[in-house]
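Work through the exercises below with the sequence and the model open. Each task is followed by a solution in steps.

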Amino acid sequence: EPAMGANSASPPPPPPPPLTKSRVRIRVFPVNPSQTLIIFLIFTLNISTTASIPSRFSQIPYAKHCNDVVPESAPTATKLGDNSLLQLYNAYFAGGDKILGQQSSQFRRNSPKSVSFRTHNVYQTEADGVLKLEAVITFRGSTSFGFTGNSTHRRLRLVHYRPPRIPVRRDEASFWLHGFWSSSSGKLCMVGSGSSYLGSANVVLKLNYPNASTIVTNLVNGTLESLDTSDSLNYFQPISILGISLMSYEYTLIDRESHNDGFSTYDDMENGSLGLKLDRVCSMIRSAGRFELEYINDCDAVNCNPLGGVARILPGYMSSNEIECLDNGRVRYLFEFSNSSYNGKYLPFDPNTTLVAEGAWDGKKKRLALVACRISNMMYSLVKGLVEDCSIRLSLSLPATLSLRNRSSIVGKMWSNTSMNDSGYFGRIAFQSSENGDTRLEGLKYEYTEIDNARRTCMKKMTVKGKGGTYPDAYSSNMRFDMTVRNIKGQIAWGYSSPLSVGDKIYKALVTFASSAESAIQVNNSHGRVLNISYVMSYAPPPDFKLDGDVSSTKSVDISAEGIYDAETGMLCMIGCRHLGSLNKKLQKNNSLDCEILVNVQYSPLNAKDGSHVKGTIESTRGKADPFYFERVEVLSSSIYTRQAKESIQRMDLEITMVIISNTLACIFVGLQLFYVKRHPEVLPYISVVMLIVLTLAHMIPLVLNFEALFLANRNRQNIFLESGGWLEVNEVLVRVITMIAFLLQFRLLQLTWSARVGDGSHKNLWVSDKKVLYLSLPLYIGGGLIAWFMHQWKYSHKSTLLQSHQLGYQPQSLWGDLKSYAGLVWDGFLLPQIVFNLFCDSREKALAPPFYVGTTVIRLLPHAYDLYRSHSSTWYFDNIYANQRMDYYSTAWDVIISCCGLLCVVLIYLQQRFGGRCFLPKRYRESSVYEKVPVVSND
């Protein structure tokens, strides 16, 4: 980067002579000028930034501001390869609102601010134990999150609808620093400058970063101070920093506590727990992320706050934030307590609500034992923060058996090992991971506790015979699906549904596109007709979603269910438990569940011809006066079966090939027309200029307006199929090139026709005929466009939208999309101007070669024929590439009408070029009126 800066400072070379070829390329290949400008600005800013770093270092003397902390020492030529020294990730800071441009903290509870410190270059120095560092420190302010997709999607299908991503807004300030660190004292001092909300600012960083640490000495604290004068606009108050050391940590408390049997109180947990390999400990805790707290003791009589002190509102959730995880089972965590249901993995920590913990996996006891400490003494400054009161113990285990009311993959206990009279004592707390976790460990079992009740309730429904056909096998991946949930008000929520167990086996998610045999198992298989089955269901209601008469206050509705599935009828009937949560409520486990719920789901046959989806209901069996009663909600599947997905991908590959072949044939047919007029140049004036303009614009407009290479109406959708859009992007470029060639050939034909007309003054009558064609065609095209606009307004009016919104996956087409479809209709009738032209000039010249007008018409009609075939052979499709509804009018009626009209135009052109332009008119209209001189007989 410094080399770039040096190059940018050198005098520019003399400008090269202008190149005309580059101008031609710019015209041929359309380039978005806004993208070019953005790339140029980014490149320019990058050069200016990297070039200015060395100069900023040189302007700030290190000795003046830091010699009293770590004396400056001359670096040696030895550069250390380990740049992971002295790292800080998601550390906490106080102050800094001025450099971030934030004057309000209203969002910080949901997204805490953080600071990170990363070294880039490390050098040895002449002083023993002193290192020279170059680093970057970055402060991140409160984040304003945008909606980035379906938060309840669990990769149950590779093919699914996904809303557009909205970028996350976050204020940042970064400073490039250089300085020295002493390994003996742990002192770090650096100076530098950088950009912030204020602009460029000069700073000094002073940190206490110990070379080795334990749980009580692993805090890293310090300040970032401004070197500008207090009256400067760039000046800011000192910023306090607090983080966790990542260097040379020694586990001390967990070994001592395990040796003293400090966790023997809960030794009974091992009987119902699963063992775990050491290398799986970290991934298991990481997958849990957030735990829900359950206060066991009476919190009115005993302090229940694990953070110490007396709190009116107790935290409802605990999130794990990993610091370090070793292969030998030793771990370090930050446990964050809050009342937010947001999953807190990898979030910045707030020392006021966080415990620092170290632990180890005990293979014999089948548990993860941890010792946790509070961070205190931060009332006035983070610099004075201390890790104290390490009397907190945690024990986590993995249940070996799940049931309807116990679905958590990780459960645990938290307690204080001090006496009740001690100031840091708190009552016992149980915690558990999400009820609907994804974890499926070996040896895990499921116990059906409500299956008898479910059979009594559901067997009446099972007596109903199915519609015939083959239904999904209970063990197949077709049983899981993404879903939409709609209440009686028509409001929509998105979620997912997946089996947890089938029979006595735990259901494991298979590869999305498994073997075809998986989804084609007949109902008379060895599994039997009716099977016990359990499910996890979850959906995220929008803020205004009404469930039980009130607006939903939860970010997620989790339902555990178990019941029976009839593989002969596709009927799934279950009893469900809705997780109510324990936020700010001292609820026992049994009181936090609403288990009076009935779930009915009807799967559609695998070979259904009506394109039906999975449908069902979730309803409460409570009385309407009960506070937990809620109105029935409908469940609709937004996923597809495995076989449908495979067929869609095969069809997509076929359509990509058809698009390339069609565009290639278009080039060939225009080339044959050019070869034809070269052999018969006398026919050029008799080609309608209006027709050629329509064809030229039809190839040019998609290139100019960047219509996603003619067939990718929404590239993000297509990429979902393949996980990587590489193959589609290659074909997109290929289609662009072929379309460009067709445009150039079509433009060449237009140029030859125009030149032939202009060069010969005897063809003025042909210009008159073409003007008449224009006067007739232009109002016709404009009138058709107005009709398309009117139909769009009527079709997507407010009243119609409310009706259409009840259709699954419905997305109204924009006005621009309807206008593009109308443009495709105009393209389909490209021969109309030539027919009218021949009619006006009564020409029987064979101006168009049969391969041109027949072949081009066939190219335009083939998509409509394919659409007819597709609509009768496929019950589901994700999106169209060939015969795309956004590029033309496609339906059974339109396909038949357009095909018939296209063939009629071909027949009329053939008849006109053989018998004359007015051959199909009545005889009295075929000839023009001609006056001739008649001799007059004189009376003389």
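A disulfide is a pair of cysteine sulfur atoms within 2.5 Å. This is a predicted model, in which local features need pLDDT of at least 70 and side-chain atom pairs count only at pLDDT 80 or more, while totals for chains, interfaces and linings use all residues. Residues are numbered from 1 along each chain as its sequence is written, and side-chain values use heavy atoms, with hydrogens and water left out.

**Exercise 1. Cysteines without a partner**

Task: Apply the disulfide cut-off to C900, and explain why its sulfur is not bonded to that of C901.

Solution.
- Step 1: The closest cysteine sulfur to that of C900 belongs to C901, at 6.9 Å, which is too far for a bond.
- Step 2: C901 is in no disulfide either; its nearest cysteine sulfur is that of C905, 6.8 Å away.
- Step 3: Accessibility is classed as buried under 20% relative accessible area, exposed over 50% and partly exposed in between (1.4 Å probe, protein chains only). C901 has 40% relative accessibility and so counts as partly exposed.

**Exercise 2. The disulfides**

Task: State how many disulfides the structure holds, then describe the links of C66, C373 and C577 by partner.

Solution.
- Step 1: There are four disulfides in the structure.
- Step 2: C66 is joined to C189, with an S to S distance of 1.9 Å. This pair links distant parts of the chain, 123 residues apart: C66 is in helix 4 (residues 62-66) and C189 in strand 6 (residues 187-196). Helices (H or I, at least four residues) and strands (E, at least two) are DSSP runs, numbered from the N terminus. The value about the S-S bond is -65°, and the link of C66 and C189 is left-handed. Both cysteines, C66 and C189, are buried.
- Step 3: C373 is joined to C390, again with S to S 1.9 Å. C373 lies in strand 14 (residues 367-376) and C390 in strand 15 (residues 386-397), 17 residues apart. The torsion about the S-S bond of C373 and C390 is about 110°, so this disulfide is right-handed. C373 and C390 are buried.
- Step 4: C577 pairs with C595, the sulfur atoms being 1.9 Å apart. Strand 25 (residues 571-579) holds C577 and strand 26 (residues 593-602) holds C595, 18 residues apart. With 110° about the S-S bond, the C577 and C595 link is right-handed, and C577 and C595 are buried.

**Exercise 3. The largest nonpolar core**

Task: Find which residues of the largest nonpolar core touch the most other members, and explain why the core lies between two domains.

Solution.
- Step 1: A nonpolar core is a set of buried Ala, Val, Leu, Ile, Met, Phe, Trp, Tyr and Cys residues joined through side-chain atoms within 4.5 Å.
- Step 2: The largest such core has 54 residues, of which M318, F335, L370, L394, L396 and M414 touch the most other members.
- Step 3: Helix 7 (residues 281-288) gives the largest share of this core, five residues.
- Step 4: Residues of the core come from both domain 2 (252-433) and domain 3 (451-508 + 528-640), so the core lies between them. The domain bounds come from an automatic or database domain assignment.
- Step 5: Take L370 as one of the members named above. Contact means heavy atoms within 4.5 Å. Leaving aside neighbours within four places in sequence, the contacts of L370 include I254, F263, V331, Y333, F335, L394 and L396.

**Exercise 4. A serine in a helix**

Task: Decide whether S769 is buried or exposed, and list what S769 is in contact with.

Solution.
- Step 1: S769 lies in helix 13 (residues 764-795).
- Step 2: The relative accessible area of S769 is 6%, so this serine is buried.
- Step 3: Leaving aside neighbours within four places in sequence, S769 is in contact with F837, F840 and C841.

**Exercise 5. Positive phi**

Task: Place S248 and D389 in the chain and give the phi of each.

Solution.
- Step 1: S248 is in the loop between strand 9 (239-244) and helix 6 (253-259). Although not a glycine, S248 has a positive phi of about 45°.
- Step 2: D389 is in strand 15. D389 is not a glycine, yet has a positive phi of about 50°.
- Step 3: D389 counts as partly exposed, at 30% relative accessibility.
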